[in-house]
Structures are given as structure tokens and as C-alpha cells.
Amino acid sequence: MIKFIPLGGADEIGASCFYIEIAGTGLLLDCGIHPRLKGLEALPNFDTLSDLSVDFVFISHAHQDHLGGLPFLIKRFPHIKIFATEQTKEIAAITLHNAVNILKNDYETDNPFPIYSHEEIDFLVRSMVEVKYNETIELSGLRHTSSYKLKISFHD
């Protein structure tokens, strides 16, 4: 059985994040923020994931509306494994570091919005797994129920 849940970006540009569960393995396609919203309202609806299997996230490209929510996602799901192409990973570092500077200017230190640091971005980017275009990777999550692994690849 396949489960598909849009967590953001389903009917507009921004906060792109789609949950797909295949045979017990939970995947996210992108994890962005909404460019016109502020604070937690700008993020995908992570609360929907609370009772679901969340194993991997695949980042399609390095625009904020596709990866800007990653630092918040890994605070909630520190075990999640992030996959991206080398090009996306390199641009993600620049994009996410720039977001740290913007967030620090937008929010005061007493604001409850969970701002992340440059050190956390460095760790996040280093933890991303690079996948070459057209390379097929096989994987399965912790609750995978099939004897067959999922096969995933990035295409330009």
C-alpha cells in the first residue's frame, strides 16, 4: 500500500513537502518554507508525521521553498537521512547559511521561534548523502515490510 500526504505546497508555491509511505518506509520529497509566511506558519505541517514512519528526505533542488524547512525537520526527526545531488548540496549550504542571517534579523532572541545556527547548518549539510544524477540507490526504512528495497534516482 502507498500513502501520499501533502504537508505543504500542494495548492501553492511555498513550503513544498510531500510524504510518501511505501511498504512501511516513509519518504519526504522536499522540505521547504513558505516565502510569504513567518515563523512556524511558514513550515510544512510536521505534526501530521507524528505517528508515521519518517526515514528519508529527498531534496529536489536548493530553493528555500524546497529545503528551507530542513533545519526544523531534523530537530523533530534527528534520525532522518537526507539525500540530494552534489549540486543541490553545494547550493543548499549557501542558501541555508543565508537563511540563518535573515532569521536572526527577523526575530528577537526572546521570540519562541526555534532559530538555528551556522554550526547546525554545517552539520546538516555534511550529513547529506550525495547521489549522482541517474544513479539508482536502494533503501528501506526501519518499518519496511517488503522483501524488495525501494529504488530511487534523481533525474535532471
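# Exercises on a predicted model

The lining of the second largest pocket holds eight nonpolar, four polar and no charged residues. Here Ala, Val, Leu, Ile, Met, Phe, Trp, Tyr, Cys and Pro count as nonpolar, Asp, Glu, Lys and Arg as charged, and the others, Gly among them, as polar.

This is a predicted model, in which local features need pLDDT of at least 70 and side-chain atom pairs count only at pLDDT 80 or more, while totals for chains, interfaces and linings use all residues. Residues are numbered from 1 along each chain as its sequence is written, and side-chain values use heavy atoms, with hydrogens and water left out.

## Exercise 1. The pocket

Task: State which residues line the second largest pocket, and which element gives the most to the lining.

Solution.

Step 1. Fix the term. On a 1 Å grid over the protein atoms alone, a pocket is an open set of points where a 1.4 Å probe fits, with protein on both sides within 12 Å along at least five of seven lines; lining residues have an atom within 4 Å of a point.

Step 2. List the lining. It consists of I20, L27, L28, L29, F58, S60, T85, Y133, I152, S153, F154 and H155.

Step 3. Sort by element. Two or more lining residues come from each of β3 (25-29) and β8 (150-153). Strands (E, at least two residues) and helices (H or I, at least four) are DSSP runs, numbered from the N terminus. The top contributor is β3, with three residues.

Step 4. Add the volume. The second largest pocket holds about 210 Å³ of space. Volume is the space filled by probe spheres set on the points, with grid points joined across faces, edges and corners.

## Exercise 2. Strand β3 and its sheet

Task: Find the strands that β3 pairs with, and explain why β3 is described as largely enclosed.

Solution.

Step 1. Set the rule. Two strands pair if DSSP finds at least two bridges between them.

Step 2. Take one partner. Strand β2 (residues 17-22) runs antiparallel to β3, with five bridges. F18 has L29 as its bridge partner in β3. Two residues separate the strands in this hairpin, and A23 takes a positive phi near 50°.

Step 3. Take the other partner. Strand β4 (residues 56-58) runs parallel to β3, with three bridges. Here L28 stands opposite V57.

Step 4. Place β3 in the sheet. The sheet is open and mixed, with six strands in the order β1-β2-β3-β4-β5-β6. Its edge strands, β1 (2-8) and β6 (129-130), each pair on one side only. Strand β5 (residues 81-84) joins β6 in parallel through two bridges, and F83 stands opposite V129.

Step 5. Check burial. Buried means under 20% relative accessible area, exposed over 50%, partly exposed in between (1.4 Å probe, protein chains only). Four of the five residues of β3 are buried, so the strand is largely enclosed by the rest of the structure.

## Exercise 3. Y19 and T88

Task: Decide whether Y19 and T88 are buried or exposed, then list what each touches.

Solution.

Step 1. Locate them. Y19 lies in strand β2, and T88 in helix α3 (residues 86-106).

Step 2. Read the accessibility. Y19 has a relative accessible area of 0% and is buried. T88 is also buried, at 5%.

Step 3. List contacts (heavy atoms within 4.5 Å). Leaving out residues up to four places away in sequence, Y19 touches K3, F4, I5, L7, G26, L27, L28, L49, L52, S53 and V54. With that same exclusion, T88 touches I59, S60, H61 and A62.

Step 4. Add a distance. Y19 and I5 sit 14 residues apart in sequence, with 5.0 Å between their C-alpha atoms.

## Exercise 4. Cores and strand β7

Task: Name the residues with the most contacts inside the largest nonpolar core, then describe the faces of β7.

Solution.

Step 1. Define the core. It is a set of buried Ala, Val, Leu, Ile, Met, Phe, Trp, Tyr and Cys residues joined through side-chain atoms within 4.5 Å.

Step 2. Name the residues. The largest core has 30 residues, and L28, L49, V57, I59, L70 and L73 have the most contacts inside it. Helix α3 supplies the largest share, four residues.

Step 3. Note the second core. This separate set of ten residues includes L27, F56, L139 and F154.

Step 4. Turn to strand β7 (residues 136-139). I137 and L139 point to one face and are buried, while T136 and E138 point to the other and are not. Four bridges pair β7 with β8 in the antiparallel sense. One of the bridge partners is S153 in β8, opposite T136.
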